[in-house]
Amino acid sequence: MIALEIIGWILLSLLGLVLLLLVLLCSLKLSLQAGYCETLLLKVGIGPVKLNLSDSMQMSKEEAEEFTAKKKKKAAKPKEKPKKKKEKPPKYTEKPSLTAVVTAFKDLAVGILTRFAKHIKLEELRLRVLAASDDAAKTALEYGSFCAAAGMVQTAAEALPRTNPKKVNIAVECDFLADTPEIDAEIRVSIRVWRLVWMALFAAKPLMEALELLKAYKHFKKIEKDEKDSK
């Protein structure tokens with residue numbers, strides 16, 4: 001009897017530990033920092049751990065040439081024809097319309113973006129653009145375009161539910177004496193793991209439905225093409 005009680009307490013302790021770990025994992029904050037000012041900036045954070053991916057994205061001239069040579073060498077090799085896999089028939093018995101396929105993916109994208117805006121937190125957005133070129137008229141046109149685009153970005157950023165407008169700093173400048181435009185941009189966003197899991201659960205069913213529609217559309221279109229070619 002005492003042994004059973006001890007085993008029960010051990011199991012309860014293990015269950016409590018697992019639940020505690022799940023709570024801690026779900027409460028972790030995922031962060032992304034990206035920017036550009038002459039060089040690319042990309043940092044990913046998982047809780048207190050920060051990973052700087054900027055260095056791995058930069059290639060020296062020698063590395064770029066070596067990468068290009070390897071790519072050309074790989075492209076020159078004769079490609080083996082992939083073996084055709086037996087495809088499972090789609091669950092639809094008739095060909096869906098292209099409009100239905102596009103609508104399914106559109107609804108999926110809109111749904112994800114709508115919910116994503118509620119869950120993501122814009123920590124900071126900094127954007128400075130300098131319009132400049134070797135032609136004054138061209139510089140003026142670019143300045144107008146940059147101002148319009150910057151206004152749209154600022155409006156969209158400040159409309160996010162979990163954004164502090166004071167953290168959004170956007171400026172567009174114009175220099176008729178300079179020849180080269182400049183961009184200095186940085187964005188930091190974060191999201192909790194549990195929010196990301198919630199979004200994934202929401203998107204799973206509509207994503208599978210959209211993929212099934214696309215699969216059925218391609219399947220029946222291929223049949224129509226084969227029938228047409230055989231005539």
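This is a short tour of the structure above, with a suggestion at each stop for what to select next. Keep in mind that you are looking at a predicted model.

**Stop 1: the whole chain**

Start with the cartoon view and colour by secondary structure. You should find six helices and six strands. Following the sequence from its start, these elements come in the pattern α-β-β-β-α-α-α-β-α-β-β-α. If you colour by burial instead, 19% of the 231 residues count as buried. Contacts reach far along the chain as well: taking those between residues at least 6 apart in sequence, 75% join residues at least 24 apart.

**Stop 2: the sheet**

Now select the strands alone. The six strands build an open sheet with mixed pairing, and their order across it is S3-S2-S1-S6-S4-S5. Which strands stand at the edges? They are S3 (49-52) and S5 (168-174); each has a single partner strand, so one side of each is left without a neighbour in the sheet. Turn the view to look across the strands, and you can follow a twist that averages 10 degrees from one strand to the next.

**Stop 3: strand S4 and its two partners**

Select residues 121-131, which make up S4. How does S4 pair with S5, parallel or antiparallel? The two run in the parallel sense, joined over seven bridges. With S6 the pairing is antiparallel, and nine bridges join the two strands.

Leu125 is a handy residue to show as sticks here. Val168 stands opposite Leu125 in S5, while in S6 the bridge partner of Leu125 is Ile187. Step along to Arg126 and you will find Asn169 opposite in S5.

**Stop 4: two helices against the sheet**

Add residues 136-158 to your selection. This is helix H5, which lies across S4 and S5 and runs at about 175 degrees to S5. Next, select residues 193-230 for helix H6, which lies across S1 (29-37) and S6 (182-192). The angle between H6 and S6 is about 85 degrees.

**Stop 5: the nonpolar cores**

Show these side chains together: Ile120, Leu122, Leu125, Leu127, Val129, Ala150, Ala157, Val168, Ile170, Val172 and Val189. These eleven residues make up the largest nonpolar core. S4, H5 and S5 are the elements that give two or more residues to this core, and the largest share, four residues, comes from S4. Apart from this core lies another, of five residues, including Val101, Ala104, Ala210 and Tyr217.

Then centre the view on Leu122. Beyond its neighbours within four places in sequence, Leu122 is in contact with Ala157, Leu160, Arg162, Thr163, Val168, Ile187, Arg188 and Val189.

**Stop 6: a pocket to finish**

Switch to a surface view and look for the second largest pocket, which holds about 160 Å³ of space. To find the spot, select the residues that line this pocket: Lys29, Ser31, Leu32, Gln33, Lys43, Val44, Gly45, Lys50, Glu123, Arg188, Val189 and Ser190. Which elements give two or more residues to the lining? They are S1, S2 (39-46) and S6. S1 gives the most, with four residues. Two residues in this lining may look familiar from the previous stop: Arg188 and Val189 line the pocket, and both are in contact with Leu122.

Technical notes:
Residues numbered from 1 in each chain as written. Predicted model: local features only at pLDDT ≥ 70, side-chain atom pairs only at ≥ 80, totals over all residues. Heavy atoms only, no water. Pairing = 2+ DSSP bridges. Axes fitted to C-alpha atoms, helices over the stretch in contact; angles between N-to-C directions. Contact = heavy atoms within 4.5 Å. Core = buried A, V, L, I, M, F, W, Y, C linked by side-chain atoms within 4.5 Å. Buried < 20%, exposed > 50% of the residue type's maximum accessible area, 1.4 Å probe, protein only. 1 Å grid on protein atoms, 1.4 Å probe; cavity = no way out; pocket = protein on both sides within 12 Å on 5 of 7 lines; lining within 4 Å. Points joined across faces, edges and corners; volume = space filled by probe spheres on them.
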